[in-house]
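Hello,

Please find the structure we discussed below. My notes on it follow.

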Amino acid sequence: MTKLRHRKNQLPFDIVLNILARLPGKSVTRFRCVCKSWDSSITTPYFISTHLNHNKNHGNGCVIHMPSVRDTNSSSNTNRPVCTVALDRTFDRISEIGVPFDFPSACFQIVGSCNGLLCLANYGSFTCANDIYLWNPSIRKFKKLPHTCLPQLRFVKLGFAYHSQNNDYKVVRISFFSFFLALALPLPLALPLPLPEVEVYTLSSDSWRRVGIEFTTSVVNCPNDLSPAPLVSGALHWLAFVVEGEENRKGKNMIMSFDVNSEKFRKLELPNGSTKTLQRCLSSFKGKLAFITSEHSEQRPGFQFSIWALREYGVVESWKKLFVVPSERVACWISLIDYGSLMVCYRNDPGERQGFKHALIDIETLQEKKDPDIQHPSYITTFMESLVLLDGTNVESY
């Protein structure tokens, strides 16, 4: 009789799972210890997706940012950067999270962020982004990716994407001839440049494989800011310097895209009238591919930031300059947050204590928040809590 009364007082299991799906990731992982049925249900792809969708619809908008180099004033002897989680509209700090693994150099980058899963890598003239990690700080899990399958890594561009059709995650690594070396060669470039080599890692297989580029061109690096390659319309995007033609090999600044589903590359033209720039970067703005430039002002003394959006994906004629943000100083680093704030970094005068000064500008209202809580040129990307990477091959806890 007591057991029967106890069972009547129990909540139906589907309601229990619905409640669990609304909890923070850290709390959910602790409930795996309650019983085997809870553990097996929490680790299913369906529950992880349900938890993720709830956070997308009801969670607060957040970003995570990380300095591009280790703070030389830090007392730590390790190459473990510290990431800051902040509100996306104000950059007010929520928490700080130490990266739980070491990099071989003091230079590191956030490759991208998808569904609460971060991709981090080292970079530099010699390391060439050979150490890559996937990390979910919400549930304190990470894994190091296997070594490259390419015979040699030159200069590298990386991208990180969620493959929605297969509920999988991919990392793209492009090894290419350096843009800076190309600048030293006379134009038109007389010598054939080596074609880039590309490999793709998939989380489900935990392995790299080579993919081809169907261009009859060579793609070389174009100086970019610290923004991760934006994922828009199911494709990753990078600024590139494309060398075309066999006899008269002239170079052109373009956008190179990689379709995550078909794994095909294509070239996209930049907007007309956007060539004479001081700084440039790609981003996403309200789901559209965005191109941000810093240049001398057209109307007044000083400088300006121009924000272009590709209103119809793949249609070059649909590029439109949506906003122009005036500035009195030239920026050394710019980054656009998806919802519409522009993070700008200025280099201070040599006599000032801090080397950099930052401002957060609303591109629609032009309201500026001076001195947001960020001290160094940093990688910035969106962030949310999730259970992605809860289990899997070579996943480590800390």
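pLDDT is the predictor's confidence in each residue, from 0 to 100. Its mean over this protein is 84, with 83% of the residues at 70 or more.

The model is predicted, so to speak of conventions: local features need pLDDT of at least 70, side-chain atom pairs count only at pLDDT 80 or more, and totals for chains, interfaces and linings use all residues. Residues are numbered from 1 along each chain as its sequence is written, and side-chain values use heavy atoms, with hydrogens and water left out.

Confidence by element: helix α1 (residues 2-9) has the lowest mean pLDDT, 50, and strand β13 (residues 231-232) the highest, 97. Over residues 1-6 pLDDT stays under 50, and the model has zero contacts (heavy atoms within 4.5 Å) for them beyond four places in sequence. Where pLDDT is low, the predicted coordinates should not be read in detail.

Overall, the protein has six helices and 26 strands (DSSP runs, H or I of at least four residues and E of at least two, numbered from the N terminus). Of its 398 residues, 50% are buried (under 20% relative accessible area, 1.4 Å probe, protein chains only).

One open sheet has the strand order β17-β18-β19-β20, with antiparallel pairing (two strands pair if DSSP finds at least two bridges between them). Its edge strands, β17 (279-285) and β20 (319-327), each pair on one side only. β17 and β18 (residues 288-296) are antiparallel and joined by seven bridges; leucine 282 has phenylalanine 291 in β18 as its bridge partner.

Regards
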